[in-house]
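The following paragraphs walk through one protein model and its ligand. Please keep the sequence and the structure in view while reading.

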Amino acid sequence: MSRSGTRPGPRSKPKLGQNFLIDPHASLAIADALGDLSQRTVVEIGPGAGAITELLLPRAQRLIAIELDRVLAQRLTEQHASTPSFEVISADVLSVNLHDLRADGPPLLIIGNLPYYITSDILLHLFRFHADVDRAVIMVQREVADRVAAHPGTRDYGVLSATAQLYARVERILTLPPEAFMPPPDVHSSVLRLTMQPQFAALGVEPDAFLGFVKKAFAQKRKTLASNLRAAGLASDIAQQALEAAGIPAMARAEELDLATMARLWKQLESR
Ligand SMILES: C[S@@+](CC[C@H](N)C(=O)[O-])C[C@H]1O[C@@H](n2cnc3c(N)ncnc32)[C@H](O)[C@@H]1O
């Protein structure tokens with residue numbers, strides 16, 4: 001904490017999810033998890049006081065940091081004014097067009113200890129720009145990481161897992177206790193690496209329509225898939241026939257279905 005760039009400063013705005021990383025080993029492990037940056041444009045979401053930024057600066061060909069807090073953005077800009085490969089965008093990450101940031105270069109590498117209050121929105125934003133992103137290393141609340149990485153047939157498998165796994169290969173990198181941050185959050189945190197590998201072409205589905213169907217299938221997790229489909233307006237006999245044709249037991253729940261089986265069911269219903 002002695003270098004100015006890694007000092008969070010006296011204040012933190014809880015509303016902006018400002019829990020600053022103070023464990024230097026964790027910062028290093030997160031930066032390392034992004035791989036070789038030497039020929040790449042890296043986008044850091046929420047650099048804050050720069051705990052991860054400082055490690056990325058000497059490694060990345062170009063580093064763009066997106067920070068909503070104007071004071072922190074200004075501070076980072078001033079600290080690194082003489083580094084031409086570094087740029088700070090003072091904005092809400094959800095309003096930033098990642099395709100424009102990529103320009104003519106290879107797909108972006110994304111990194112960030114995310115503000116937890118908009119984790120899902122940020123994930124959806126990254127998936128929306130999946131063609132412009134190569135991989136992302138992100139810190140999220142541990143329970144969210146459990147859901148993103150969950151396998152079908154487990155309690156945590158749901159819409160978030162299906163969505164993430166439709167777009168990316170998901171790996172868990174590490175988990176940190178609250179004490180790794182200042183101020184400490186109420187929860188543990190986990191780092192995920194998402195390598196974009198969209199599955200929708202191989203599955204033969206249109207992603208938005210398919211994910212709309214997945215949401216309906218998971219609408220009430222404790223109910224059977226057939227019951228959720230009926231609640232979504234599907235006639236009982238049609239739901240039953242489609243399940244049977246897709247080789248799915250009548251009493252199955254959505255969480256038991258892997259993406260390929262869910263896609264089979266969707267195509268059965270679409271072809272009617
Ligand atoms: C959990 S802190 C991480 C800070 C720093 N990267 C670290 O590890 O110490 C989240 C950061 O995201 C910023 N932030 C919050 N909402 C944001 C948004 N919508 N767009 C961009 N940055 C945001 C916060 O101001 C804060 O600096």
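Leaving aside its neighbours within four places in sequence, with which residues is Asp92 in contact? In this predicted model, the answer is Ile66 and Leu68. Asp92 itself sits in the loop that runs between strand S4 (86-89) and helix H4 (98-102). With a relative accessible area of 30%, Asp92 counts as partly exposed, because that class covers values from 20% to 50%. The side chain of Asp92 also reaches back to the main chain a little further along, where the backbone nitrogen of Leu94 is 2.9 Å away.

Asp92 also appears in a database record. In an unreviewed UniProt entry, the annotation "binding site" covers Asn19, Leu21, Gly46, Glu67, Asp92 and Asn113. From this set, Asn19, Leu21, Gly46, Glu67, Asp92 and Asn113 belong to the lining of the largest cavity.

The ligand can be considered next. There are 24 residues around the ligand, and those that come nearest are Gln18, Leu21, Gly46, Glu67 and Asn113. Polar contacts to nitrogen atoms of the ligand involve both backbone and side-chain atoms of the protein. A backbone N or O atom of Gly46 lies 2.8 Å from a ligand nitrogen, and a polar backbone atom of Leu68 is 3.3 Å from a nitrogen atom of the ligand. From Tyr117, a polar side-chain atom lies 2.9 Å from a ligand nitrogen. Taken alone the ligand exposes 600 Å², and the protein buries 99% of that area.

Leu21 is named in the UniProt annotation and is listed among the residues that come nearest to the ligand. Leu21 belongs to strand S1 (residues 20-21). Is Leu21 buried or exposed? Its relative accessible area is 6%, so Leu21 is buried. Not counting residues up to four places away in sequence, Leu21 touches Ala26, Ser27, Ile30, Ala51, Ile52, Asn113, Met139, Leu176, Ala180 and Phe181. One of these, Asn113, is also covered by the "binding site" annotation.

A further leucine, Leu123, lies in helix H5 (residues 119-128). Leu123 has a relative accessible area of 2% and is therefore buried. Beyond its neighbours within four places in sequence, the contacts of Leu123 are with Ile138, Val148, Leu160 and Leu194. For the pair Leu123 and Val148, the separation is 25 residues in sequence, and the C-alpha to C-alpha distance is 9.8 Å. The two residues still count as in contact, because a contact is defined by heavy atoms within 4.5 Å.

Methods:
Residues numbered from 1 in each chain as written. Predicted model: local features only at pLDDT ≥ 70, side-chain atom pairs only at ≥ 80, totals over all residues. Heavy atoms only, no water. UniProt positions renumbered as here; feature names shortened; annotations may be inferred. 1 Å grid on protein atoms, 1.4 Å probe; cavity = no way out; pocket = protein on both sides within 12 Å on 5 of 7 lines; lining within 4 Å. Helix = DSSP H or I, 4+ residues; strand = E, 2+ residues; numbered from the N terminus. Buried < 20%, exposed > 50% of the residue type's maximum accessible area, 1.4 Å probe, protein only. Polar contact = N/O pair within 3.5 Å; in protein donor to acceptor, adjacent residues only side chain to side chain. Near = heavy atom within 4 Å. Areas by Shrake-Rupley, 256 points an atom, 1.4 Å probe, with all protein chains shown as cover.
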